[in-house]
Amino acid sequence: MPNYLENQETIVALATGKGNSALAIFRISGRQAITYISNCILQKNTFLASQPRSIKIYKFVDFNKKMVDEITVIKYLSPESYTGENMVEIICHGGEIIVEEILEILLKNGIRLANKGEFTRRAFLNGKMDLMKAESVQQIIGSTNKKQINCAREMYEGRTQKKLLELKTKLKSVLAILDAIIEFPEEDDIKEKDLSYIQKIDEIRCIIDEEIRKREKIISDIGTIIPIVGIANAGKSSLFNLIVGFNRVIVHYEEGTTRDAVSEEIIINGEKIKLIDTAGLNETENPIEILGIRKTWEYVEKGNIVLWVTPSNKKIMENEIKITKTIKSENIIAIISKSDLNKGEEKKKYLNDKGISYIQACFVNDKESNKVIDFIGEKIKKITKESDEEPGFICNKRHEEIIITIKKKISSLMEKAKIMGEETISYEIKGILTDLNEFVGETTSEEILNMIFSDFCVGK
Ligand SMILES: Nc1nc2c(ncn2[C@@H]2O[C@H](COP(=O)(O)OP(=O)(O)OP(=O)(O)O)[C@@H](O)[C@H]2O)c(=O)[nH]1
Ligand SMILES: [Mg+2]
C-alpha cells in the first residue's frame, strides 16, 4: 500500500498555457499542499474547514494580506486526488502578471516548482494509474492527428492493456505446452501438441507484424493530402484562401497566376489536412508554367482527395476529364465556381453522370463561402472516416522499441524452432514475456520512468 503522504515535497505548476488568457489554472500537490495554500488565502479558516472536492471563491493575498486576485479553489484530500496526495487546484485570472505574482508567492511559501510530468509520475508511483495510462496522458496532450489520439484513448481507457494481456496469455499457453513436453517427453498426444505450439507462436508473430504496420502508418501520417486542381482562372487560389482563412496566395484575373504548388497545414473536423494550391491545367508554351503543371499532375496522383474547381461559365476541358480519369470519383469533391456568371447546367450533368459530389458557389460572396467550407468539411469527414481502422497498441517510441525486440526474437524462434530443444524455446518465450511485462509497466526501472516522464510538459 503506497504511503501518499510520506517524504513528498509540495509541488506547483501552471497547468494552462503561457500568455494572456481569460483564466489560468495552478496545480499544487503534496503533503502540505492544503496548509501552504491556506497561508495565501484571506479566508484561511473557511478554506481549512471546507469539504474536500468542494469549489469555493477566496481572495488570494500576499504577505501583507493585500489581495492579488480573486480565485476559485478546489481542494482534494489524499488519496482522492489525481496524484493520490493532498491537492489544490487554483483557478485565477489568466493575465501573465497575475500568474507570475501568484507563482512567486506560492514559491516563497515553501512550495517548489514541479518537474516535467511530476504530477503524473506521482500518480503512477502512488498506484493511482498504471504506467500505460500515465503515458497516455502525455499522448492525449501531444497528439497531432486523429490516429494518435485514438491510440492514446485506447491506452487511457485500458483497452490496450487488455490486448497486451491477451498476448501474454497466448505466450503462457505456449509455455504450458512446452513444459508438458519437457516433463513427459514420451507421451504421444503431447508430441502432437508440438505442432500446435509452433502454430501459436506464428499467430503471435502475425499480431506483432500487424501492430508494427499500424505503427508505421501512424508515424508516416502526414495528414490527408488535398490538392486544389482545375483549369487556369477557375478560382482555385480563391478557394485556397477561403479555406485557410487568410490571403495566403495571389488571386488575379490573368490566367496562369499560380505557378508553383503552395501548401498549408490545416485541421478540418479534427483531421490534419495538407491543402495545396496548384498551377492551372493550361495549354501553354511557357516553360515555367509547364513545370508548374507537371507538379499539379504529381499532386493529383498523390492526393488522397482532390478538390476540383471548375467554372460555371466555361465548357468542360480535356484536362478536366483527365482528372476524373486519374482519380476515383468517390475521392473527388467538385466545386462549380463563379455561379454568378452562369448556371453551369452542362457541368452539373457531367458530374451527376460520373457520380462526383459537387457544390456550386460564388467565391466572391461571403455567405456562399461558408456553405462551400461546410460542404467540403463534411465530404472530407466522410471520405477519411471510411478509411479508419482500429488503433494499434504501439503508441510511442518506448513501445516501438520493445515490440521490435520481440519481433526479432520471434522471427529467430520461428527459424530455429525445429533445431532448438524445447527447453531453449521455453527460455526464449520467457524472455519475450519479460519484455511484455516491461511494456505494460509491471517491471519498471528508474531509468525508464525518467525517460517516460521527461517527455511530459510541466503541469501534467
Ligand atoms: N465572378 C467571379 N469571379 C471569381 C470567383 N471566384 C474567383 N473569381 C475571380 O477569378 C479570377 C481568378 O481567380 P483565382 O483564384 O486566381 O483563379 P486560379 O484558378 O487560382 O487561377 P490560376 O492561378 O491562374 O490558375 C480572379 O479575378 C478572381 O477574383 C467567383 O465566384 N465569381
Ligand atoms: Mg491560382
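How many nonpolar, polar and charged residues does the lining of the second largest pocket have, by class? I should like to answer that for this structure, which is a predicted model. The lining comprises ten nonpolar, 14 polar and five charged residues.

Let me describe the pocket itself. Its volume is about 510 Å³. In total, 29 residues line the second largest pocket, and those nearest its centre are G235, K236, S238, V251 and K338. Helix α9, which covers residues 236-244, supplies five residues, the largest share of this lining.

I turn now to the occupant. Ligand 1 takes up the space of the second largest pocket. The ligand is surrounded by 22 residues, with N233, K236, S237, S238 and F363 the closest. Sorted by class, the shell around ligand 1 holds eight nonpolar, nine polar and five charged residues.

Which atoms of S237, T258 and F363 lie 2.8 Å or 2.9 Å from an oxygen atom of ligand 1? For S237, a polar side-chain atom is placed 2.8 Å from a ligand oxygen. For T258, a polar side-chain atom is again involved, at 2.9 Å from an oxygen atom of ligand 1. For F363, the backbone provides the contact: one of its N or O atoms is 2.8 Å from an oxygen atom of the ligand. As for exposure, ligand 1 taken alone would expose 650 Å², and the protein buries 88% of that.

One of the closest residues to the ligand, N233, deserves a further remark. N233 belongs to the loop between strand β7 (224-229) and helix α9. Its phi is positive, at about 70°, although N233 is not a glycine. Most residues other than glycine have a negative phi.

A second backbone feature concerns the peptide bond from S78 to P79. This bond is cis, with omega near 5°. Most peptide bonds are trans. P79 is located in the loop between strands β4 (67-76) and β5 (87-94).

To close, I return to the ligand. Ligand 1 occupies the second largest pocket, and the contacts described include the side chains of S237 and T258 and the backbone of F363.

Key. Residues numbered from 1 in each chain as written. Chains lettered and ligands numbered in written order. Predicted model: local features only at pLDDT ≥ 70, side-chain atom pairs only at ≥ 80, totals over all residues. Heavy atoms only, no water. Near = heavy atom within 4 Å. Polar contact = N/O pair within 3.5 Å; in protein donor to acceptor, adjacent residues only side chain to side chain. Areas by Shrake-Rupley, 256 points an atom, 1.4 Å probe, with all protein chains shown as cover. 1 Å grid on protein atoms, 1.4 Å probe; cavity = no way out; pocket = protein on both sides within 12 Å on 5 of 7 lines; lining within 4 Å. Sits in = over half its atoms within 2 Å of the grid points. Nonpolar A, V, L, I, M, F, W, Y, C, P; charged D, E, K, R; others polar. Points joined across faces, edges and corners; volume = space filled by probe spheres on them. Helix = DSSP H or I, 4+ residues; strand = E, 2+ residues; numbered from the N terminus.
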